[in-house]
Amino acid sequence: MGLFDFFSKEKKESLDKGLEKTNQNFFSKMGKAIAGKSKVDEEVLDELEVILASSDVGVDTTIKIIDRIEERVARDKYLTTSELDRILREEIAALLAEHDDLSAGPRDEFYIPEGPTPHVILVVGVNGVGKTTTIGKLAAQFKRNGKKVLLGAADTFRAAAVDQLKLWGERVGVPVVAHGMNTDPASVAFDAVKQGVEQKADLVIVDTAGRLHTKVNLMNELSKIRRVMQKVIPEAPHEVLLVLDGSTGQNAFLQAKEFTRATDVTALAITKLDGTAKGGVVIGISDQFKIPVKYIGVGEKVDDLQTFNKMEFVDSLFKKK
Ligand SMILES: Nc1nc2c(ncn2[C@@H]2O[C@H](COP(=O)(O)OP(=O)(O)OP(=O)(O)O)[C@@H](O)[C@H]2O)c(=O)[nH]1
Ligand SMILES: [Mg+2]
C-alpha cells in the first residue's frame, strides 16, 4: 500500500466517523419509510423527499434529487428499495458533478495555486463558527506539506482571540503576527502580509473577528483590511474563505447567502459536521452556490480538517454501513 492509499484510507475513515450521525439519522428514517416495501414507488419517493429536506439538504436541491430519481424509476420501471441508497448516491453525485469547477486546481489536497508568494487567505464568518480553529488546522496541513506559513491575528476584538491563535501557532510551529487586543485589525493584517513578503513565506492566513453581514461598521472593517493588504500585494487577499458552522443546518445556508452578497467570498469551509445530523447541508450548499466548498471540519483535533471531495462526501453520507 502506497503512502497515498494510506492517507486516503485515513481520510475516509475520519470522514465516515465525522458524518456518522447524519448517516445514521438518514438510514433510520429511510428504514421506517421503506419497511415492508420492495419497490420504489410514489409513496417511497414522497417519504424520501421529506427525509432529505429534514437532513438539511434544502428544499431546492431535494427537489432536483427527487426529479432525477423519478426519471430513473420511469426509465428502469422496477427499482427495488434495496437499490435505493446506491441510486441516491449516484444521482446526488451526478447532480453535484454537473457544475464541477476544477479551475482552482486539484481540490483533493491542501493546495496553494501557482503564482507569486505569499498567497494570502483572509478568513471571515460569524462568531464561533470555527474560523480560528480552521486556520490552525490549515496551518498544520500546509506546514506539513513543506510550506512556510505565517498567521495574522487580526481578531483584536475578543480578549482571548489573539492568545487562541498564538496557541495554535505554537502547537503547529508557525509564527503569528499579533499586536494584541483592541489594536487596529487592519494594521495587523498589513504587518502580517508585509512580514510574509519579507520572510519569503508561501502562505499568510489572516484571522478576523466574528461578524454579521448586517453590522455595517464591521463589514467596513473587512474592506479596510483588504485595502491595506493591497498596499503590500495588489492582488491580496488571493482568497477570502468564509467559514460556516454546518451544525446550524439551514442557518449556515442563509449565512452563506447573505455573506457572499455582502463581500467577495472565494471559498467556503463548513465545520462541525461531526456530532450533527445536519451534514446534508453540505450537499445543498455545493449545489446552490457557485463558490466552492473547499474544506470541511469533522472534529476539533488538528487533523480533523479535510479538503472537500464531493464524490467521497456523498458516498460516505449515503452509504449503508
Ligand atoms: N466538533 C467540532 N468542533 C469544532 C470544529 N471546528 C471548530 N470547532 C469548535 O468550535 C468552537 C469555536 O471555534 P473557533 O475556532 O474559536 O471559532 P471562531 O469562528 O474563531 O470564533 P470567534 O473568534 O469567536 O468568532 C471551538 O470550541 C472549536 O474547537 C469542528 O470541525 N468540529
Ligand atoms: Mg476566532
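This section describes the sheet, selected loops and the ligand surroundings of a predicted model.

The strands of the model form an open sheet of eight members, arranged in the order β3-β2-β4-β1-β5-β6-β7-β8, and the pairing within this sheet is mixed. The edges are occupied by β3 (176-177) and β8 (305-307); each has a single partner strand, so one side of each is left without a neighbour in the sheet. Strands of a sheet pair through backbone hydrogen bonds, in either the parallel or the antiparallel sense.

Within this order, strand β1 (residues 119-124) stands between β4 and β5. Its pairing with β4 (residues 203-208) is parallel and extends over four bridges. Leu122 lies opposite Val206 of β4. On the other side, β1 runs parallel to β5 (residues 239-245), and four bridges join the two strands. Here Ile121 has Glu239 of β5 as its bridge partner. Strand β5 in turn pairs with β6 in the parallel sense, over five bridges, and Leu241 stands opposite Ala267 of β6.

The setting of β1 was examined residue by residue. Six of the six residues of this strand are buried, so β1 is largely enclosed by the rest of the structure. In a regular strand the side chains alternate between the two faces of the sheet. In β1, His119, Ile121 and Val123 point one way, whereas Val120, Leu122 and Val124 point the other way. The residues of both sets are all buried.

Two cis peptide bonds are found in loops that lead to strands of the sheet. The bond from Thr117 to Pro118 is cis, with omega near 0°, and Pro118 belongs to the loop between α5 (84-97) and β1. A cis peptide bond also joins Ala236 and Pro237, with omega about -10°. Pro237 is located in the loop between α9 (216-232) and β5.

Positive phi values in residues other than glycine were noted at Asp56 and Lys200. For Asp56, phi is near 70°, and this residue is placed in the loop between α3 (42-54) and α4 (59-76). The relative accessibility of Asp56 is 9%, and the residue therefore counts as buried. For Lys200, phi is near 55°. This residue lies in the loop between α8 (185-198) and β4. With a relative accessibility of 69%, Lys200 counts as exposed.

A further loop position, Thr266, is located between α10 (250-262) and β6 (267-271). Its relative accessibility of 36% falls between the limits of 20% and 50%, and Thr266 therefore counts as partly exposed. Leaving aside residues up to four places away in sequence, Thr266 touches His238, Glu239, Val240, Ile291 and Pro292. Among these residues, Val240 offers its backbone nitrogen, which the side chain of Thr266 reaches at 2.9 Å. Thr266 and Gly284 are 18 residues apart in sequence, and their C-alpha atoms are 18 Å apart in space.

The surroundings of ligand 1 comprise 20 residues, of which Lys131, Thr132, Thr133, Asp274 and Glu300 come nearest. By class, this shell contains three nonpolar, ten polar and seven charged residues. Helix α6 (residues 131-144) supplies the largest share of the shell, with four residues.

Backbone atoms also approach oxygen atoms of the ligand. A backbone N or O atom of Gly130 is placed 2.9 Å from an oxygen atom of ligand 1. For Gly128, a backbone N or O atom lies 3.0 Å from an oxygen atom of ligand 1. A distance of 3.0 Å likewise separates a backbone N or O atom of Lys272 from an oxygen atom of ligand 1. On its own, ligand 1 has 660 Å² of accessible area, and the protein covers 81% of this area.

Definitions and conventions. Residues numbered from 1 in each chain as written. Chains lettered and ligands numbered in written order. Predicted model: local features only at pLDDT ≥ 70, side-chain atom pairs only at ≥ 80, totals over all residues. Heavy atoms only, no water. Near = heavy atom within 4 Å. Polar contact = N/O pair within 3.5 Å; in protein donor to acceptor, adjacent residues only side chain to side chain. Areas by Shrake-Rupley, 256 points an atom, 1.4 Å probe, with all protein chains shown as cover. Nonpolar A, V, L, I, M, F, W, Y, C, P; charged D, E, K, R; others polar. Buried < 20%, exposed > 50% of the residue type's maximum accessible area, 1.4 Å probe, protein only. Pairing = 2+ DSSP bridges. Contact = heavy atoms within 4.5 Å.
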